[in-house]
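Work through the following exercises with the model open. Each task is followed by a solution in steps.

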Amino acid sequence: MSALKRFFVDKIAEEVLLSGEEFRHAKNVLRLGAGDEVTLLDGSGKEYAAIVARAEKGALLLHVTGERAADREPKADVFLLIGALKGDKTELVVQKATELGVNRIGVFSSRYCSAYMNENKLERLRRVAREAAKQCLRSRVPEVGFFDTLDGALAAAEGYENKLFACEFLEKSEGDIADMGASYCLVVGSEGGFTEEEFSSAKARGFTGVSLGKRILRAETAAIALLSVVMKEAGELG
Ligand code: SAH
């Protein structure tokens, strides 16, 4: 296991300047300085070994010393669509979904959704995804976006091989979550749940209704549970 601190940068070159938030974390929290080794990530799936050459005003200058393949990214391409949740619950889902290996997250608003989203909140969710990716040693950060309608979110699922819609009022799943190929789009509602019409429009777009059992789960539990099952079936767990 690598104990080296990990940082995401926009672009890799022989010399890289670590600035902004990543710099502040490196300098003020981790107290890194000349001679310290770190791992750099550019989101491409590769990892780079680097060494701190010197501290400058507002930045650390790093020398990249080598490249290594990272092997912690899932093969399955999983897109999670989650209704906007109250308080910090959406952040919780983004963090857990990142750890479980999603490739992309879409937060949506829907009929019974009472939480709102704005640029600041979205920015915070992206930061949560980046921190979670670093912490669990991923080399990619899931993209996080927002859809102001459920229909817009469902349309973004076009092209995914398997589309699953967690529906709290279904007694039984409409299909098996087993051995389903390489790309998945999963939809989980907000605290308010879905309307019959919303479920019908998901079906019209090729989604299969999935039940997560006889109990009504909280949205964040439902998202984590469904993701775990899908990752297991996709061969990503053990
Ligand atoms: N307000 C709703 C519950 C919403 S639960 C009610 O009172 O019925 C939030 C979301 O979690 C749901 O929209 C659904 O996507 C998912 N969910 C929770 N329990 C579920 C279950 N048993 N089966 C499938 N999905 C479930």
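**Exercise 1. The ligand**

Which polar backbone atom is 2.9 Å from an oxygen atom of the ligand?

Solution. This is a predicted model, in which local features need pLDDT of at least 70, side-chain atom pairs count only at pLDDT 80 or more, and totals for chains, interfaces and linings use all residues. Residues are numbered from 1 along each chain as its sequence is written, and side-chain values use heavy atoms, with hydrogens and water left out.

Step 1. The backbone atom belongs to Gly189, 2.9 Å from the ligand oxygen. A polar contact is a pair of N or O atoms within 3.5 Å; within protein, one must be able to donate a hydrogen and the other to accept it, and residues adjacent in sequence count only if both atoms are side-chain atoms.

Step 2. Look next at the nitrogen atoms of the ligand. A backbone N or O atom of Leu212 is 2.8 Å from a ligand nitrogen, and a polar backbone atom of Arg215 also has a ligand nitrogen at 2.8 Å.

Step 3. The ligand taken alone exposes 560 Å², of which the protein buries 83% (Shrake-Rupley method, 1.4 Å probe; for residues, only the protein chains shown count as cover).

Step 4. There are 19 residues around the ligand, and Ala166, Glu168, Glu191, Leu212 and Arg215 come nearest (near: a heavy atom within 4 Å).

**Exercise 2. Helix H6**

Find which residues of H6 are buried, and state where they sit around the axis.

Solution. Step 1. H6 is the run of 15 residues from 219 to 233; helices (H or I, at least four residues) and strands (E, at least two) are DSSP runs, numbered from the N terminus. H6 reaches 21 Å between its first and last C-alpha, close to the 21 Å expected at 1.5 Å a residue (1.5 Å times one less than the number of residues).

Step 2. Ala219, Glu220, Ala222, Ala223, Leu226, Leu227, Val230 and Met231 are buried (under 20% relative accessible area; exposed is over 50%, partly exposed in between; 1.4 Å probe, protein chains only). Their arc around the axis is only 160 degrees, which puts them on the same side of H6 (arc: of the directions from the helix axis to the C-beta atoms).

Step 3. An α-helix has 3.6 residues a turn, so residues three or four places apart point the same way.

Step 4. The cover over the buried residues of H6 includes strand S6 (77-83), helix H2 (89-100) and strand S9 (162-166). After H6 comes Gly235, with a positive phi near 80 degrees.

**Exercise 3. Helix H2 and Thr98**

What do the buried residues of H2 pack against?

Solution. Step 1. In H2 the buried residues are Thr90, Val93, Val94, Ala97 and Thr98. They lie on the same side of H2, because they cover an arc of only 130 degrees.

Step 2. Their packing partners are S6, strand S7 (104-108), helix H3 (119-135), strand S8 (143-147) and H6.

Step 3. Take Thr98, whose relative accessible area is 0%. Beyond its neighbours within four places in sequence, Thr98 is in contact with residues including Ile105, Ala129 and Pro142 (contact: heavy atoms within 4.5 Å).

**Exercise 4. Two positive phi values**

Is Arg31 buried or exposed? Ask the same of Leu137.

Solution. Step 1. Arg31 is not a glycine, yet its phi is positive, about 55 degrees. Arg31 is exposed, at 66% relative accessible area.

Step 2. Leu137 has a positive phi near 70 degrees and is in the loop between H3 and S8. Leu137 is buried, at 11%.
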